[in-house]
Amino acid sequence: MTQITNKELIQKAKEVVKLHKCSEDVRIGDVGCALVTDDDKLYLGVSIHACCGVGFCAEHSAIASMVLEQKYKIKKIVAVSGDGTVLPPCGRCRELMYEINEENYETEIIIDNNKSVKLRDLLPEIWQKKFY
Ligand SMILES: [Zn+2]
């Protein structure tokens, strides 16, 4: 199986970025996300934001698609805004990736066109289970 390159993964995320509105109060697709699992399956997602504050990131959306197929290990992931800028994941998404599977601490996070880091670099202090 051919592995998807970072450039190709960025392109996949760009392909789903398309702002549209399903109502006056909801913005869909400001950000797009593409991820590949440890078995090289591709999952895509878009952000959804409602004016009342409810919504989620494109990474959440892609992860939700992934878990529908009982996949939990992310090999690499990228999020892209409407102008094509590669975005690092927010803190909530970093924690979500880790909690979905602790092995995702080694996930490659593409944070710029020519730069990627491990999740462990972006999340040096994980939220400890002892807090809940
Ligand atoms: Zn996020």
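These questions and answers go through a predicted model of one chain. Local features need pLDDT of at least 70, side-chain atom pairs count only at pLDDT 80 or more, and totals for chains, interfaces and linings use all residues. Residues are numbered from 1 along each chain as its sequence is written, and side-chain values use heavy atoms, without hydrogens and water.

Q: How many helices and strands are in the chain?
A: Helices (H or I, at least four residues) and strands (E, at least two) are DSSP runs, numbered from the N terminus. From that end the elements run α-β-β-β-β-α-β-β-α-β-β-α. The count is four helices and eight strands.

Q: Which residues of helix 1 are buried?
A: Buried means under 20% relative accessible area, and exposed over 50%, with partly exposed in between (1.4 Å probe, protein chains only). Helix 1 covers residues 6-16. The face turned away from its buried side carries the exposed Lys7 and Glu15. The buried residues are Leu9, Ile10 and Ala13.

Q: Which helix gives the largest share of the largest nonpolar core?
A: A nonpolar core is a set of buried Ala, Val, Leu, Ile, Met, Phe, Trp, Tyr and Cys residues joined through side-chain atoms within 4.5 Å. The largest one has 20 residues, with Leu35 and Ile74 among those having the most contacts inside it. Strand 2 (26-37) and helix 3 (91-100) are among the elements that each supply at least two of its residues. The largest share, four residues, comes from helix 2.
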